[in-house]
Amino acid sequence: MSTANPTEFEFSFLEEGFSARDIVEQKINESMTDDRDAFYVCDLGDVVKKHLRWVRALPRVMPFYAVKCNDSRSIVMTLASLGSGFDCASKTEIQLIQSLGVDPSRIIYANPCKQVSQIKYASAHGIQMMTFDSEVELMKVARCHANAKLVLRIATDDSKAVCRLSVKFGAPLKACRGLLERAKELGLDVIGVSFHVGSGCTDSMTYAQAIADARCVFHMGDELGFNMDLLDIGGGFPGSDNTELKFEEITAVVNPALDKYFPADSGVRVIAEPGRFYVASAFTLVVNIIAKKVIMDEDSISDDEDKGTTDRTLMYYVNDGVYGSFNCILFDHAHCLPTLHKKPKPDEAMYPCSIWGPTCDGLDRIVEQCDLPDLQVGDWLVFENMGAYTLAASSTFNGFQRPDIHYVMSRPAWQQVQQICSQGLPAPAEELNLFEVSACCGQESSLELPLKTCQAHVV
Ligand SMILES: Cc1ncc(COP(=O)(O)O)c(C=O)c1O
């Protein structure tokens, strides 16, 4: 691997023929016997592929990446270079995105309940788009940010989502007219409607219903004299392909609903706030077994020795847990299962196992029950799809540090980023070419544009 633009973009090039999984292997091989900290490998090329998948599947919808999902600098830099907008929930997230040179018009402050000082910060730094769902919020905005471009967040039926959000945010339809009237009285500008169907949406029809509801609110806005021209369809899109509801199943519902309720000639700009879609599959977490217990089945102790795999349960303790990356188990209702670093032999015995994090808390359990071979202290376990709502909410409880992240990107993917920066999106045929001919593009490339040049075009 050679490092690319280390001061700007922190990643290493994946050399020709190598994948992120090879880097996992390389890092494991490089690790010292006693120094086997957990680590991540993040393939930024996977984020680039996701972006191309997004723009092809949802051509009318501009993504505003939800920074809360994973605020790693390399991730937001990659997305800024690709021309994404950003959904920020706080002053700190706004500062992060503005530190990349992103124009305030590409930021939506999408938190309906904001601290007054942070509304003032947004006002002072040119952030105009922000969401609201209550009268009190309108009064705060009228006092601190009279030029705000407000977006009314409506509630959705997110009862089938993994993580429900409308229990906390979103005005019911019957409250919307009153809120719009109040905004009018306060002299505020409401430019559109937003919603979130819940994170980990399992029912695509929720989007269709929410888009239809948004249309009703646009009618109310028209009647009150607002010039509403922004629809924000939120997040909820899956981050990997092993979910019940697939991304393309959602887009197959969203696109016709948009065409029906907000046709292209309606002049309404459509944006979304995808989080996990962009980052989940880019991150692989590799943890090391630091301790192990063998629990013998009491009934079997006096029995004959050769009871096969049924006589014991294994407890593995690894060096990241629910207070760290696996907080997603508690906060994001995630189910994490490892893959083995060492392939088991075809006849290798499997045992019922549990996997635990490194802290002293009994709550710190990653997997309650799974089948694994008889592994040893020092062996590695690999967890895929660990990019969403993991690092962003992890702590150093008990003094356990967050894992290092090794960012990688193939040269074709980097060329794709640079091409999008300077010339916009490629035609679909060209785009496939770039990914397919990785073998020859992987050779020393003449493209050496630093990100700064890209920023001049896009950010
Ligand atoms: C306001 C808002 N927008 C976007 C997102 C991102 O959602 P997802 O990761 O499901 O795309 C969230 C997640 O909580 C959110 O609260």
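**Ligand environment and salt bridges**

A polar backbone atom of Gly275 lies 2.8 Å from an oxygen atom of the ligand. In this predicted model, the protein covers 92% of the 390 Å² of accessible area that the ligand has on its own. Side chains also take part in the polar surroundings of the ligand. An N or O atom in the side chain of Ser199 is placed 2.5 Å from a ligand oxygen atom, and for Tyr389 a side-chain N or O atom is likewise found 2.5 Å from an oxygen atom of the ligand.

The shell around the ligand comprises 15 residues, of which His196, Ser199, Glu273, Gly275 and Tyr389 are the closest. By residue class, this shell divides into five nonpolar, five polar and five charged residues. The site occupied by the ligand is the second largest pocket.

Salt bridges were also examined. Side chains of opposite charge can pair when their charged atoms come close. With a cut-off of 4 Å between a side-chain nitrogen of Lys or Arg and a carboxyl oxygen of Asp or Glu, the count comes to 19 salt bridges. One of these joins Arg21 to Glu384, with the closest N and O atoms 3.0 Å apart. This pair links distant parts of the chain, its members being 363 residues apart. Arg21 belongs to helix α1 (residues 20-30), whereas Glu384 is located in the loop between β17 (380-383) and β18 (404-410).

How values were computed:
Residues numbered from 1 in each chain as written. Predicted model: local features only at pLDDT ≥ 70, side-chain atom pairs only at ≥ 80, totals over all residues. Heavy atoms only, no water. Near = heavy atom within 4 Å. Polar contact = N/O pair within 3.5 Å; in protein donor to acceptor, adjacent residues only side chain to side chain. Areas by Shrake-Rupley, 256 points an atom, 1.4 Å probe, with all protein chains shown as cover. 1 Å grid on protein atoms, 1.4 Å probe; cavity = no way out; pocket = protein on both sides within 12 Å on 5 of 7 lines; lining within 4 Å. Sits in = over half its atoms within 2 Å of the grid points. Nonpolar A, V, L, I, M, F, W, Y, C, P; charged D, E, K, R; others polar. Helix = DSSP H or I, 4+ residues; strand = E, 2+ residues; numbered from the N terminus.
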